[in-house]
Amino acid sequence: MHLTIAVEEAEKVSEADLENVVPAVVKEFKAALAEAKELLVNNKATQEEVNASFDRLSKVMQMLSFNKGDKTQLVSLIEKIEALDSSKYIAKTWESLATVLEASKAVVADENALEEEVAKSYEGLLREFLKLRLKPNKDALNDLINKAQSLDSSKYTRESWRAVEKAVEEADKVMKNEDATEKEIAKAEENLKSAISDLKIASNDTTNSETNNGSNNKDDDKTTSNSKLPKTGGTNTVYILIVGAILVIAGGAFMFTRKKKSDNSLK
């Protein structure tokens, strides 16, 4: 009796009613209904078979509310995203979007995707799409770096030029960073502009002072080097000659005195 009632209710479901139901449910519904009808006209069917058929048909009929999701908006959004040039966007934001995009494409490819799944997929993809960030324009910063590198460092004081070198180094890091934000680029540009504007022309006195300091350093190096020589080395030549002369004179006087004494003794 219970299977007969289930078949009667199932036959009230039209093809129009099944149009929005997911294909897998429609397929199972038709198979379960056909099996139930066969058992009703089969005199040899056991009670266990009838009960199992009833459970199958009643279960699938409860799933007729599983409507297919409308994928029109999801497909449209996917097409829009795939038309974008990924190189124009900050890598982190694009990578995050790409992951969700693949999941949404899988939902579109799934003919049995439920309405709730499609809606959830669309919402997630839309949120990631809105998080996309274009790479800020670095042309102005690049031009500023080129300007700084074209300057003649010899015309400026060392201290002011070091500030420019440091600013250029930081700006170059920002240029190489694909994920650099607009704020980071603006800061690097501002710092480099400031360093260039603060450059001080080196005067002749400053240049000579730096040159003399360099020369003095070299002389100091030489002095330091010579001071390391052994103290016993290198006796003064003039001193040697004087001492030698004194010894010669003294020796001559000694010989003369000795000879005079000898002569006196002979007398």
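Ser121 touches Leu74, Ser104 and Val107, when residues up to four places away in sequence are not counted. In this predicted model, Ser121 has its place in helix 7, and it is buried, because its relative accessible area of 11% falls under the 20% that serves as the limit for that class. Two of the residues it touches, Ser104 and Val107, belong to helix 6 and take part in the meeting of that helix with helix 7, so a look at this pair of helices gives Ser121 its setting.

Two packed helices are described by the angle between their axes and the distance between the axes. Helix 6, which covers residues 91–109, and helix 7, which covers residues 115–130, pack at an angle of about 160°, and their axes lie 9 Å apart. Because an angle over 145 degrees counts as roughly antiparallel, helix 6 and helix 7 are described as roughly antiparallel to each other, and their crossing is left-handed. On the side of helix 6, the residues that meet the partner are Ser96, Leu97, Val100, Leu101, Ser104 and Val107, while helix 7 brings Glu117, Val118, Ser121, Gly124, Leu125, Glu128 and Phe129. Sorted by class, this contact has seven nonpolar, four polar and two charged residues, and Ser121 and Ser104 are among the residues that make it.

A second pair of helices can be read in the same terms. The axes of helix 1 (residues 2–10) and helix 3 (residues 23–40) come within 10 Å and cross at roughly 135°, which makes helix 1 oblique to helix 3. Here too the crossing is left-handed. Helix 1 makes the contact through Leu3, Thr4, Val7 and Ala10, and helix 3 through Phe29, Leu33, Ala36, Lys37, Leu39 and Leu40. The residues of this contact divide into eight nonpolar, one polar and one charged.

Val50, which has its place in helix 4, is linked to both members of that second pair. Leaving aside neighbours within four places in sequence, Val50 is in contact with His2, Leu3, Leu39 and Ala45; of these, Leu3 of helix 1 and Leu39 of helix 3 also take part in the contact between those two helices. The C-alpha atoms of Val50 and Leu40 are 8.1 Å apart in space, although the two residues are ten apart in sequence. Val50 is buried, because its relative accessible area is 15% and the limit for buried residues is 20%.

Ser65 offers a contrast in accessibility. Ser65 is found in the loop between helix 4 (47–62) and helix 5 (72–82), and it counts as exposed because its relative accessibility is 54%, where exposed means over 50%. Ser65 and Asp17 are 48 residues apart along the chain, and their C-alpha atoms are separated by 9.8 Å.

These local views belong to a chain with twelve helices and zero strands. Of its 267 residues, 24% count as buried, Ser121 and Val50 being two examples. Among contacts between residues at least 6 apart in sequence, 80% join residues at least 24 apart. The accessible surface of the chain comes to about 19,400 Å², and carbon and sulfur atoms account for 52% of it.

Methods:
Residues numbered from 1 in each chain as written. Predicted model: local features only at pLDDT ≥ 70, side-chain atom pairs only at ≥ 80, totals over all residues. Heavy atoms only, no water. Helix = DSSP H or I, 4+ residues; strand = E, 2+ residues; numbered from the N terminus. Buried < 20%, exposed > 50% of the residue type's maximum accessible area, 1.4 Å probe, protein only. Contact = heavy atoms within 4.5 Å. Areas by Shrake-Rupley, 256 points an atom, 1.4 Å probe, with all protein chains shown as cover. Axes fitted to C-alpha atoms, helices over the stretch in contact; angles between N-to-C directions. Parallel < 35°, antiparallel > 145°, perpendicular 65-115°, else oblique. Left-handed = near helix turned anticlockwise from the far one by under 90°. Nonpolar A, V, L, I, M, F, W, Y, C, P; charged D, E, K, R; others polar.
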